[in-house]
Amino acid sequence: GAPVQSGSNLVGGEDVFTFTRENFPRIDGSTSTVPLAQAICSVLLDESREDVADLTQFSKTTASYAALIYGEKDLLIAAEPAQSVLEIKASQGFAWSMEPFAIEGLVFVVNADNPVEQVQKIYTGEITNWSEVGGVDEPITAFQRNENAGSQTMMKKLVMDGLDMMEPEKEYVIGEMGALIEAVRGYDNSAGAIGYTVYYYAKNMNMADGLKILRIDNVPPGAESFRSGAYPFLNPYYVVMAADTPEDSPVAVLYRWILSDAGQYLVDREGYVAVRDVEESA
């Protein structure tokens, strides 16, 4: 179908649909998808990003899935759900429709002076000094996220792959993504710290300024290595709605639009890695 024209709030296709504030789905999702949600609302409602901020008060990954399951929200753009979400889903007998719309990668940030590859062994606690991985003789301070964080779910699934992460010191468990990166950057002004974040944060929010983003298996993270699958630590972002959502409802229209060429173009333009590489349509 025809893409949404910038400055117009018509969604093209067989059925032309006009989004208004009155019919716009209640959306929620991960902290890292808030900028994308603002862009989507801005384009489809023809309002500035500042003006749509009230529609994009996201409650983070795990809480957003709970809000969908309990009927408080209509549509998510979110990272993969944690195991706790799947348990709630089962207990409520809830069914969802879920499609990947972008590819996210877990990236590791260290002080710019530090060479390292062995992230798995660092996070099991097997490697405790940078000198063991070709770095300086300095103890490793390995920051982690809190248990329900989307990036913690990715870390356990993609990187640890069944291995137990070591118990972190309490002050090394960080509740906010931005705070984790600040902690790595500011830790004793030394090269001792390592942490992880999603690629979108590191790349788009200049969060990793002054830090080094590690290559993994000598592959740098980026759109090319994500789409090809060469970078190992990948997980999709999903668009999610209740499985019984009527096809002609605003929720289903928005769900389909995010997966359309126009939606995918916007995803890429906003600095995420869309699942499909689309050119701007005329």
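How many nonpolar, polar and charged residues are there in the lining of the largest cavity? The points below begin with that cavity and then move to the strands; the model they describe is a predicted one.

1. By class, the lining of the largest cavity is made of 7 nonpolar residues, with no polar and no charged residues. The residues concerned are Phe24, Ile27, Ile40, Leu75, Ile77, Leu254 and Ile258. Strand E4 and helix H9 (250-259) each contribute at least two residues to this lining. The volume of the cavity is about 30 Å³, and the structure holds 1 cavity of 30 Å³ or more. As general background, rolling a probe the size of a water molecule over the atoms shows where empty space is left.

2. One of the lining residues, Ile40, sits in helix H1, which covers residues 34-45. Ile40 has a relative accessible area of 4% and is therefore buried, the cut-off being under 20%. When neighbours within four places in sequence are left aside, Ile40 is in contact with Ile77, Leu254, Trp257, Ile258 and Leu266; of these partners, Ile77, Leu254 and Ile258 are themselves named in the lining of the cavity. Val52 lies 12 residues from Ile40 along the chain, and the C-alpha atoms of the two are separated by 9.5 Å.

3. For the protein as a whole, the model has 10 helices and 12 strands, and buried residues account for 51% of its 282 residues. Of the contacts between residues at least 6 apart in sequence, 68% join residues that are at least 24 apart. The accessible surface comes to about 12,600 Å², and carbon and sulfur atoms hold 47% of that area.

4. Strand E5 (residues 96-111) deserves a point of its own. In E5, 12 of the 16 residues are buried, so this strand is largely enclosed by the rest of the structure. E5 is joined to strand E11 (residues 234-242) by 9 bridges, and the two run antiparallel; within this pairing, Met98 has Val240 of E11 as its bridge partner. An antiparallel pairing of 2 bridges links E5 with strand E12 (residues 273-274), where Ile103 stands opposite Val273.

5. Two further pairings of E5 are also antiparallel, one with E9 over 5 bridges and one with strand E10 (residues 211-213) over 3 bridges. In the pairing with E9, Val107 stands opposite Thr197, and Phe108 stands opposite Tyr196. In the pairing with E10, Val109 is placed opposite Ile213.

6. Which residues point each way from strand E9? Ala193, Gly195 and Thr197 point one way, while Ile194, Tyr196 and Val198 point the other way, and all of them are buried. This arrangement can be set beside a general rule, namely that in a regular strand the side chains alternate between the two faces of the sheet. E9 spans residues 193-198 and is mostly covered, with 6 of its 6 residues buried. Besides its antiparallel pairing with E5, E9 pairs with strand E6 (residues 141-142) in the parallel sense over 2 bridges, and there Ala142 has Ile194 as its bridge partner.

7. A last point concerns Pro81, which is found in the loop between strand E4 (75-78) and helix H3 (83-92). Is this loop residue buried or exposed? Pro81 counts as buried because its relative accessibility is 10%, where the cut-off is under 20%. Apart from its neighbours within four places in sequence, Pro81 is in contact with Tyr65, Leu86, Trp96, Met98 and Thr153. Among these, Met98 is also the residue of E5 whose bridge partner in E11 is Val240, which ties the surroundings of the loop residue to the strand pairings described above. Pro81 and Gly150 are 69 residues apart in sequence, and their C-alpha atoms are 7.3 Å apart in space.

Notes
Residues are numbered from 1 along each chain as its sequence is written. This is a predicted model: local features need pLDDT of at least 70, side-chain atom pairs count only at pLDDT 80 or more; totals for chains, interfaces and linings use all residues. Side-chain values use heavy atoms; hydrogens and water are left out. Buried means under 20% relative accessible area, exposed over 50%, partly exposed in between (1.4 Å probe, protein chains only). Helices (H or I, at least four residues) and strands (E, at least two) are DSSP runs, numbered from the N terminus. Two strands pair if DSSP finds at least two bridges between them. Contact means heavy atoms within 4.5 Å. Accessible areas come from the Shrake-Rupley method with a 1.4 Å probe; for residues, only the protein chains shown count as cover. On a 1 Å grid over the protein atoms alone, a cavity is a set of points where a 1.4 Å probe fits but cannot get out, and a pocket is an open set with protein on both sides within 12 Å along at least five of seven lines; lining residues have an atom within 4 Å of a point. Grid points are joined across faces, edges and corners, and a volume is the space filled by probe spheres set on the points. Ala, Val, Leu, Ile, Met, Phe, Trp, Tyr, Cys and Pro count as nonpolar, Asp, Glu, Lys and Arg as charged, and the others, Gly among them, as polar.
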